[in-house]
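Q: I'd like to learn how to read a predicted model like this one. Can we start with a single residue and then zoom out?

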Amino acid sequence: MSPRRPLPPPPPPAHLRTWPHREALLADRNRAMGELTWRILGGRRLVLFLLTLVALQAGWLAVGGSLMSLDDGVVDPLTAVAGALGVCVGLAVVIPALFAVAFAVRRDRAARELLVQWASLDTDPPRDAAFRVPVLSLIWFLLAFALCAPGLWLSFAVPASARPGTTTYAEVAALMGVGLILWVHGLIAVTKAVGHYRWAVRLGARRPEPVR
């Protein structure tokens, strides 16, 4: 989500609400909820999520590969320079990507809070069903499984199978880093999918409120 495009504003406080009738309130409510739902789970958010994942993995592989080249015993000056350069290039990719992930998580949290605030204004069962977006939620859940499973396996299997004298510390650190990145992104994805599902269930269970 681009920082140049702000999230919808929160609903006005109760004493400042000036909707002329309930349909006007519902129209603004549904418009804000639709945009917020798309910001949290939509295709643009999914693409940015995958791009940051690819950037982190590429940067970390550059760092890990460079460290492994420096961990082969006697290293000539040219290899040392190339390895140091690879580490710097990898970190130049990893650090901004980490900031992007942190920003996206904070943005998701803010969007979720706004979604809850707008939903609490009223209920509109026929149109509220559209905000459940079961297909998008399922895509995020399946993506979470696809990331968490290999991520956890790498995080635990690599150090467990390491053998002194044959497996270097750089190899273990590089592969565990790959697994950690997958695992953390999987947790982010499953949190989004499960959180939205729980919110949608609560939204569907609410009873319509009296007309304002």
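Q: Is V133 buried or exposed?

A: The cut-off to keep in mind is that buried means under 20% relative accessible area. V133 comes in at 17% relative accessibility, so it counts as buried. Remember that this is a predicted model.

Q: Where does V133 lie?

A: Look in the loop between α4 (125–128) and α5 (134–161).

Q: What about phi of V133?

A: Here's the general idea: most residues other than glycine have a negative phi. In V133, phi is near 35°, so a positive value turns up in a residue that isn't glycine.

Q: Zooming out, which elements make up the chain?

A: Count 6 helices and 0 strands. Walking from the N terminus, you read α-α-α-α-α-α.

Q: How do I read the radius of gyration of the chain?

A: Set it beside the value for a compact globule. With 212 residues, such a globule would be near 17 Å, whereas this chain has 23 Å. The spans along the principal axes add to the picture: the C-alpha trace covers about 80 × 35 × 25 Å.

Q: How many of the residues count as buried?

A: That's 39% of the 212. As for the accessible surface, the chain has about 12,200 Å², with 73% of that belonging to carbon and sulfur atoms.

Q: And what do the contacts say about separation along the chain?

A: Take the contacts with a separation of 6 or more: 89% of them come from residues 24 or more positions apart.

Q: How far apart are the mean positions of the charges?

A: For the 22 positive and 13 negative charges, the mean positions are 9 Å apart.

Note on methods: Residues are numbered from 1 along each chain as its sequence is written. This is a predicted model: local features need pLDDT of at least 70, side-chain atom pairs count only at pLDDT 80 or more; totals for chains, interfaces and linings use all residues. Side-chain values use heavy atoms; hydrogens and water are left out. Helices (H or I, at least four residues) and strands (E, at least two) are DSSP runs, numbered from the N terminus. The radius of gyration is taken over C-alpha atoms; the globule rule is 2.2 Å times the number of residues to the power 0.38. Buried means under 20% relative accessible area, exposed over 50%, partly exposed in between (1.4 Å probe, protein chains only). Contact means heavy atoms within 4.5 Å. Accessible areas come from the Shrake-Rupley method with a 1.4 Å probe; for residues, only the protein chains shown count as cover. Lys and Arg count as positive and Asp and Glu as negative; His and the chain ends are not counted. The place of a charge is taken as NZ of Lys, CZ of Arg, CG of Asp or CD of Glu.
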